[in-house]
Each structure stands twice: as structure tokens, then as C-alpha cells.
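Me: I'm new to this one and would like to get to know it step by step. Could you take some questions from me once we both have it in view?

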Amino acid sequence: MAKLQNELAKLIPEWRKEIGALVKKNGSMKISDVTIQQAYGGMRGVKGMICDTSEVPPDTGLLVRGIPVGELADNLPEEVFYLLCTGHLPNKRDLKALQDEYAARAKVPAYVWKVLEAMPKDSHPMCMLDTAILCMERESKFRKEYDKGMHKSEYWKPTLEDSLDLLAKLPAIAAGVYRMRFKKGKRIAPKKGLTWSENFVRMLGIKDPSGEFADCMRLYLVLHCDHEGGNVSAHTTHLVGSALSDPYYSVSAGLNGLAGPLHGLANQECLNWIIELNKKFNGKPSKEDIRKNAWETLKAGKVIPGYGHAVLRVSDPRFVAFRKFGMDHFPNDKIMRTVNNVFEIVPEVLREHGKAKNPWPNVDAGSGALLYHYGLKEFSFYTVLFSISRAMGMCSQLVYDRALGASIERPKSVTTRWVTEQVKAKAKKDRARKAKAKAKKK
Ligand code: CMX
């Protein structure tokens, strides 16, 4: 067995023991309450699921297995996947073993290209990516082993196999989608000896003589890797996986959620907003122009893309890392300058507006400016990049779920009639209690 598999085979029995004891001893302890507001409001803040690969404290932002994501800004995505799976970074030998695994599994089945070629030419790149993943479901080792009658305790092994197969192929699929969808010419083959992100940049075919774009892509793929368990894409992957649907079904389902404009698609909308702003003000919007434009967006009943977050209450550390990269490498770039100025104005505007609980930038507020600078100008492709990275979080969470024997998800829904009855019953009880207290006083 290769290194990552060996390491997990050692760790999983320990996790099972630790969590088994925790639940056995404290299973009935309460960790959350649910209000009517939360039940109608997207379950915001309800603690009802477990994710150990990463967490998002509102006041610090993403911690990957306890490590602040900013501290991983110089690592490789392969290292981060190993970290997500095991809880520690790999040594050189284990990293090389994982990179060799990726290289050995990278070939995309020919039928995937045929399916993509048969799709309408104006299909969204996210739809093409998801279709490619879903049509590879026939390759699933999990499904084959399950059909043979595998023991529950073994589920994580073919889940990891599927995950490695999928992650190894994603850069080639995404690059193939890019070249096909945007008429960039023939697909480009990967090259031996390059890292996962370097190969991806090579297969995209965007000129990168300095290697700076590959470094930017490395950072991009690290920063988007995971964002705990409750966001739409992670939760969807977990939910679908909880029915023991294999990683191809589960990851493609999660990515369909990432394709929504309030989630991953916001990055394409965000750069659009910045570019329109530059266009409107001859490439140099003043801070006053930015303020006016932000208010126009809000008054039109729209959100300012790239700002706000369901959990975070500070500037997203991923935005901070992207901004630093941009300011270090091209501080005089027009788009980057506007991204910077927007960062100085929009939080103030959102605070005055008074609706958004978090007026600060999220990951999408700056990432597009970097891609645009290096010549990746097809906005609708941006969520595909997000997907390649986020698939690492989804896959590691699936492996963990299968290792720990996560149950099928089945929260209880209630009707509005039921809620109204509870409200009435509580009001009746309160009245009775008040009347009793009044009678006692007399
Ligand atoms: N611009 C304008 N209004 C905003 C806002 C923004 N950037 N962010 C939040 N609000 C509004 C909400 O629309 C909501 O209004 P209503 O009460 O009229 O429905 C109100 O403020 C309260 O929302 P919230 O509790 O602060 O935020 P939510 O948890 O409901 O939503 C998010 C979070 C990210 C969907 C929201 O901030 C938003 O739409 N931001 C812009 C889109 C974006 O950048 N999405 C990418 C997020 C990163 C990711 O998940 O990938």
C-alpha cells in the first residue's frame, strides 16, 4: 500500500476508538438549540454535524486541521490534501509517493471527451465539469466493492481510491473543458515531473514564462481546499455520500451547489463587478465613485459580490493571502488597484446599509483579479478552478465519513402548521403561568 493509505490505516482505528468513546460517554449531552428563525433561515449556526478536516472560527477564518490557512500559503495542494486526510503534512517521501499516485492515475477515459464534445457549445464550464465527473461513475471502485459485499469497516479504502482517481484526473478534465469551451485548440498532455498545479497550468496552455502564474495557481488551489462541513457544497457532498453514493456521485452533487451564485459562482460575478466599475470610470474609479456604485448595486436590490459571509466576521484570510500575492507581484495593475480601493470602501458602505452581518471581503473578492492579470479572462471558468481545489476537501471529508461510519443524514422537517401550533401552545402556557402568578400575589 502507498504511504497515504498506510498512514490512514494506522490513524483510523485510533479515531474510531476516540470518537466511539466520546459518543458512548457523552452522547446525550446537548450542543445546540434551534430557533424558529434558524429553521426558516437556512439552519444558520445550528450545530448538527461533524467535520474534522477544517473549521472556520468566525473571528479568524479557515483552519485546516488546526493550521491557519495563511500559514499554508507556501505549500503545495498535494501536501494540503495529505494534511486534510491525516491531520499532518507529509514528509518529502510521502509527498513524492502521493505525486506518483496522481501521475499514475491521471489519464482521463476517452468517453469523457466524447460526452463533453456532444454537449451544446455554450454549456457552462461548471456543467461540463460536473457532467465529466458524473459520467466517470462507472469507474467507481467503491461501487464495485460494495456490490461484491464489502465489510463496513473497509468502506474508506475504495472511497480513498475513488478520491485519488478523481483528484488525479481533475486538472486534465478542467483544462480540457477550458480548451474545448473557449476554442483554444487541441488538448495539451501533462508532463512527467511537474506538480499537480504546474501540470494544470501547462494543460491550460496559458503562457507562463516566469512560472509566476503556476505559483499563483498553486496558491489558488491551496486556499480553496476546504471550508468546514456546513457550506452548500461540502454539506451536499456529505449528504449524498451519507446514502453511500460513491465519490463520483457525491462530489459532482456538491459541485452543483458550488455552481450557485451565492456560493462558488460569486467569484465570476465579483470580477465582473470590478471590471464594470473600471469601465464606467475610465479605469480609475475614485473612492467616491466606488461608494456611489456600491450604493447603486444595493439600491437595485443586488448583493455586492465578494463581500459578506454566512460564518466569517472578519476579512477572509484567503482574501488577505490573495491580496498580498497581487500587491507583491503587480501592485500597479488597474484591476488590482480597484480591488484594493473597493476593500477600503465597501465594508463601510455595507455597515451603513446595515443588513449584512459581515461587511468584510470573502475569498472571492480578490481571486479573480489574479487570474485576470495572468491572462485567464474567461470568468465563467473561475468556479471550475475553485472546484478542483474544493474537491480535495470534499474527498477527504468523504474518506473520513466512511472511516467513522457516518450515518445516513435525516434531519426532521416540520410544517408551518406545526410551528404555529407550538407558538400558540407556548402562548397559552405563558398566559396560564402569568395568571397563576397573579392569583398567588392576591
Ligand atoms: N451585499 C448586499 N447585501 C448583503 C451582502 C452583500 N455582499 N451580504 C449579505 N447581505 C444581505 C443579505 O442578502 C441579507 O439580506 P436579506 O435580509 O434582505 O435577505 C442580509 O444581508 C443578511 O445576510 P447575512 O446573514 O449577513 O448573510 P447570509 O449568511 O444570509 O449570506 C452570503 C451569506 C455569502 C450568501 C452573502 O453575504 C452574499 O450574498 N454575499 C455576496 C455573494 C458572495 O460573495 N458569495 C460568496 C461567498 C463565499 C462562498 O461561500 O463561496
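Me: Which helix holds both Glu276 and Lys279?
Reply: Happy to help, and please keep in mind that this is a predicted model. Glu276 and Lys279 sit 3 residues apart, about one turn of the helix. Their side chains meet in a salt bridge, with N to O at 3.4 Å. The helix that holds both is H13, residues 266-280.

Me: Is Lys279 buried or exposed?
Reply: Its partner Glu276 has 40% relative accessibility and so counts as partly exposed. For Lys279 the relative accessible area is 59%. The cut-off for exposed is over 50%, so with its 59% Lys279 is exposed.

Me: How many residues apart in sequence are the parts that Lys287 and Glu344 tie together?
Reply: The side chains of Lys287 and Glu344 form a salt bridge at 2.6 Å, N to O. Lys287 belongs to helix H14 (residues 287-299), while Glu344 belongs to helix H16 (residues 334-353). The pair therefore ties together parts whose separation in sequence is 57 residues.

Me: With which residue does Arg291 form a salt bridge?
Reply: Side chains of opposite charge can pair when their charged atoms come close. Arg291 and its partner both lie in helix H14, 3 residues apart. The closest N and O atoms of the pair are 3.4 Å apart, and the partner is Glu288.

Me: Which residues are joined into one network by salt bridges that share partners?
Reply: A search of the whole structure finds 25 salt bridges. Some of them share partners and link several residues into one network. Its members are Glu101, Arg105, Lys141, Glu161 and Asp165.

Me: How many salt bridges are there between domain 1 and domain 2?
Reply: Domain 1 covers 2-26 + 40-264 + 380-404, and domain 2 covers 289-376. Between them, 30 residues of domain 1 are in contact with 22 residues of domain 2. There are 4 residue pairs in polar contact between the domains, but the count of salt bridges there is 0.

Me: Which helix gives the most to the side of domain 1 that touches domain 2?
Reply: The area buried between the two domains is about 2,200 Å², with 73% of it from carbon and sulfur atoms. On the side of domain 1 that touches domain 2, helix H10 (212-223) and helix H18 (382-403) each supply at least two residues. By class, that side has 18 nonpolar, 6 polar and 6 charged residues. The helix that gives the most, with 8 residues, is H10.

Me: Is Tyr220 buried or exposed?
Reply: Tyr220 is placed in helix H10. Leaving aside neighbours within four places in sequence, its contacts include Asn267, Phe322, Leu371 and Tyr382. Buried means under 20% relative accessible area, and because Tyr220 has 1% relative accessibility, Tyr220 counts as buried.

Me: What does the side chain of Gln38 reach at 3.0 Å?
Reply: Gln38 is found in helix H2, residues 36-40. Its relative accessible area is 17%, so Gln38 is buried. Beyond neighbours within four places in sequence, Gln38 is in contact with Asp33, Met43, Arg44, Gly45 and Val46. What its side chain reaches at 3.0 Å is the backbone oxygen of Arg44.

Key
Residues numbered from 1 in each chain as written. Predicted model: local features only at pLDDT ≥ 70, side-chain atom pairs only at ≥ 80, totals over all residues. Heavy atoms only, no water. Domains from an automatic or database assignment. Contact = heavy atoms within 4.5 Å. Buried area = accessible area lost by both parts, 1.4 Å probe. Salt bridge = Lys/Arg side-chain N within 4 Å of Asp/Glu carboxyl O. Polar contact = N/O pair within 3.5 Å; in protein donor to acceptor, adjacent residues only side chain to side chain. Helix = DSSP H or I, 4+ residues; strand = E, 2+ residues; numbered from the N terminus. Nonpolar A, V, L, I, M, F, W, Y, C, P; charged D, E, K, R; others polar. Buried < 20%, exposed > 50% of the residue type's maximum accessible area, 1.4 Å probe, protein only.
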